[in-house]
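This briefing covers nonpolar packing and aromatic contacts. The sequence and structure come first.

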Amino acid sequence: MKFSFIKLLANVIVIGAQWGDEGKGKITDLLSKSADVVVRSQGGVNAGHTVVVKDQKFKLHLIPSGILYPDTECIIGSGTVIDPQELLEEIDQLKDLNVSTDNLFISQTAHVTMPYHRILDQAAEEKRGKYKIGTTGRGIGPTYSDKAERIGIRMLDLIHCDRYPDKIEWTINYKNAVLEKLYGLPPLDAKEVTKEYQIYAERLRPYVIDSSLKIDQAVRQKKNILFEGAQGTLLDLDHGTYPYVTSSNPIAGGACVGAGVGPTIIDRIIGVAKAYTTRVGEGPFPTELEDEIGEHLGDKGAEFGTTTGRRRRCGWFDGVIGRYAARINGLDCLAVTKLDVLDELSEIKVCVAYEIDGEICREFPTHAMKFASCKPVYETLPGWQQSTSNCRTLEELPKQALDYLKFLAELMELPIAIVSLGASRDQTIIVEDPIHGPKRALLDANGDPVNS
């Protein structure tokens, strides 16, 4: 047996180790109980977290999951892009559910999604035809494009749009030329849009702060900070399955950039992965199952996107992308979710390598055409064919379920610290608290249980 002792931790990043939708919302919700501050660092309303508390379901898109804890400060960082209308709807929905947003803060340098961003997103996707990416159509890519082009509207501009309306009107007129001449679409009324966004600005003004400074103050006060990831590693703009990626960096390094902190303050990085694999939208998916097993995983796992409602593509666990995610993010441990979805299967396959042009490859190929041609190399493990949803300790798991987790830990070369067995908070085996340690890891990198 190996022992895994963890120093007292303060600042933790939670990221997705697959293509997003791994169950990060539940994991961040669980860890938020021990956090003083939760920071969302990138993405926009294209992301979504579903959290279930006492049979009540909360669907969050921009607001960090920590909002469900009244004493936890929640920060939407500068690396995010904010749709004011949707953010306000989310705030109102939380208030209707008696959830306070008094501890919500928004970065003054986060960029704003405008109406033309959504129109351009949908028009561009339609124009791509067979080369479409499968975006959510929420304007995320065009918002980030304007940020890079340095013509974006930031929260600072929005809350001062009554003083400087010309800036927003100029940008709208500039985009109108693109809408009309490139896509043949009707122009927006610059004055009407500006007037609408002034109303949003008044409501959001109390939330807007210098978020990097606030996070730095929390660091200096030795508070526990949880950095909440959106999407997943394989959707990263630089390191994902390009071009079928998002427009930001949902990897661990992106959390530091988007939050406005240095990497030296991070104590631990936790990767979240389903016990199988899913993907939304277009792009290669080596372990995809287009058969009754894939249908079973989708139905039992309720695999529908939080943001779009689109059915997710389902497949076996992919250890190649898992090891890649561990390397790209510098993962310290893993949280495995939805193990219960596999309960009824008589056998379970795990991809341990790819076959590319007749050769075995155990590393993720960054060349898009090579990745598209990958054939999975599987190892087959016996299923347990009994329910795990009521298991609350390692000892209660069926032997085959524990063997499966051991196999994943060895394949990923990572200890597994958390296992989720359903949507509710209590349907979880937590053997290590990554915020407060030191405690034992559930499984070490060799797949053996670790005893304290």
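Leaving aside neighbours within four places in sequence, which residues is Leu339 in contact with? They are Ala275, Trp384, Thr388, Leu397, Ala401, Tyr404, Leu405, Val419, Ser420 and Leu421, contact meaning heavy atoms within 4.5 Å. The model is predicted: local features need pLDDT of at least 70 and side-chain atom pairs pLDDT 80 or more, while totals for chains, interfaces and linings use all residues. Residues are numbered from 1 along each chain as its sequence is written, and side-chain values use heavy atoms, without hydrogens and water.

**Nonpolar cores**

- The largest nonpolar core (buried Ala, Val, Leu, Ile, Met, Phe, Trp, Tyr and Cys joined through side-chain atoms within 4.5 Å; buried is under 20% relative accessible area, 1.4 Å probe, protein chains only) has 61 residues, of which Phe227, Leu339, Leu342 and Tyr404 touch the most other members.
- Helix H13 (residues 399-412) supplies the largest share of this core, 9 residues; helices are DSSP runs of H or I, at least four residues, numbered from the N terminus.
- Another core, of 44 residues, lies apart from it and includes Phe58, Ile76, Ile106 and Leu120.

**Aromatic rings**

- The whole structure holds 8 aromatic pairs, counted where ring centres of Phe, Tyr or Trp (its six-membered ring) lie within 6.5 Å; planes under 30 degrees apart are stacked, over 60 edge-to-face, the rest tilted.
- Tyr197 and Tyr200 pair edge-to-face, at 5.0 Å centre to centre and 75° between the planes.
- Because they are 3 residues apart in helix H7 (residues 190-204), about one helical turn separates Tyr197 and Tyr200.
- Both Tyr197 and Tyr200 are buried.
- One aromatic cluster is formed by Trp19, Phe285, Tyr324, Tyr354, Phe364 and Phe371.

How values were computed: Buried < 20%, exposed > 50% of the residue type's maximum accessible area, 1.4 Å probe, protein only. Helix = DSSP H or I, 4+ residues; strand = E, 2+ residues; numbered from the N terminus.
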